[in-house]
Amino acid sequence: MEAVEKTDETVSNDTQRLAGTVNWGAATVVGMFAGMLYGGSKEASASVSKDAEVMLKLGSTPDKREQYRLMRDAMEKRFIRVTRGSIVGGVRLGMFTAAFYSLQNLLAEKRGVHDVFNVAGAGSATAATFGLIMPGSLVWRARNVVLGSVLGAALGFPLGWLHLKLVEKANEGNMGAPNQGGEAKSGVGAAIDRLEEHLSK
């Protein structure tokens, strides 16, 4: 009997991403960490007034054991508040970022073009969805959906335009200008070379 060799063929599912589209996984991680920093710092700054109350209690308590217990309790509560704020902030901003960029990439893929309308549409839909899941009555949620939809589109349009202009500027001269090694430069390398040329004039 002959051993039959199986050749493993790797199937390439690489679809050409349009210029300016963002990897939603990396954007989600960045959004999650930014939310954690924001949520934790917000809770840390809010706990300053509570720390002042503890200091007042410490001054009025002569017993060292009681002072130690009050300080330990205050530090534990502050740690829990900051940790909870970090987790909640990270989850909220991470979910928003994931929904926004996945919807933006979906619109770009379905429409075949990445433009300002993808960013505005994704911002509008994402903000409306998050307005819907916020707590409150049905009327309050409906108001949040409308407000989120309008604000998402209003903020998404100029930010999308700015993003696309920056991508255009970074890729300008990247297409036809090979460097000394013969390969095409990255957007960052081409931008640095253009900046050096501009500064040397």
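How many salt bridges does the count come to? The count comes to four salt bridges, and several of them are stops on this tour. The model is predicted, so treat each stop as a description of that model.

**Whole chain**

Start with the protein chain coloured by secondary structure. Six helices and zero strands should appear, giving the pattern α-α-α-α-α-α along the sequence. Colour next by accessibility: of the 201 residues in the protein chain, 25% are buried.

**Helix α3: the salt-bridge network**

Select Arg69, Arg72, Asp73 and Glu76 and show their side chains. These residues are linked in a network of salt bridges.

Take Asp73 and Arg69 as a pair. Their side chains meet in a salt bridge, at 2.9 Å from N to O. The two residues are four apart in helix α3, so about one helical turn separates them. Asp73 has a relative accessible area of 23% and is therefore partly exposed. Arg69 is also on the list of partly exposed residues, because its relative accessibility is 33%.

Move to Glu76 and Arg72. Here the closest N and O atoms of the salt bridge are 3.9 Å apart, which is within the 4 Å cut-off that defines such a bridge. Glu76 and Arg72 lie four residues apart in helix α3, so the separation is again about one helical turn. Glu76 counts as partly exposed because its relative accessibility is 41%; Arg72, with a relative accessible area of 38%, is partly exposed.

**Arg111 and Asp115**

Select Arg111 and Asp115 next. Their side chains form a salt bridge with an N to O distance of 2.7 Å. Which of the two is buried, and which is partly exposed? Arg111 is partly exposed, with a relative accessible area of 43%. Asp115 is buried because its relative accessible area, 17%, falls under the 20% limit.

**The nonpolar patch**

Switch to a surface view and select Ile87, Val91, Met95, Leu132 and Ile133. Together they make a nonpolar surface patch of about 470 Å². Which helix supplies the largest share of the patch? Helix α3, residues 64-111, does so with three residues.

Keep Leu132 selected and hide the surface. Leu132 lies in helix α4, which spans residues 116-132. Its relative accessibility is 47%, so Leu132 counts as partly exposed.

**Helices α4 and α5**

Now show α4 together with helix α5, residues 138-171. What is the angle at which these helices pack? The angle is about 155°, and the axes are 6 Å apart. This makes α4 roughly antiparallel to α5, because the angle is over the 145 degrees that the term requires. Rotate the view to look across the pair: α4 passes α5 in a right-handed crossing.

**Thr129 and Val145**

For the last stop, select Thr129 and Val145 and draw a line between their C-alpha atoms. The residues are 16 apart in sequence, and their C-alpha atoms are 6.7 Å apart in space. Thr129 is in helix α4, the helix that also holds Leu132. Thr129 counts as partly exposed because its relative accessibility is 43%.

Technical notes. Residues numbered from 1 in each chain as written. Predicted model: local features only at pLDDT ≥ 70, side-chain atom pairs only at ≥ 80, totals over all residues. Heavy atoms only, no water. Patch = residues over 30% accessible without salt bridge, like charges linked within 9 Å, V, L, I, M, F, W, Y side chains within 5 Å. Areas by Shrake-Rupley, 256 points an atom, 1.4 Å probe, with all protein chains shown as cover. Buried < 20%, exposed > 50% of the residue type's maximum accessible area, 1.4 Å probe, protein only. Axes fitted to C-alpha atoms, helices over the stretch in contact; angles between N-to-C directions. Parallel < 35°, antiparallel > 145°, perpendicular 65-115°, else oblique. Left-handed = near helix turned anticlockwise from the far one by under 90°.
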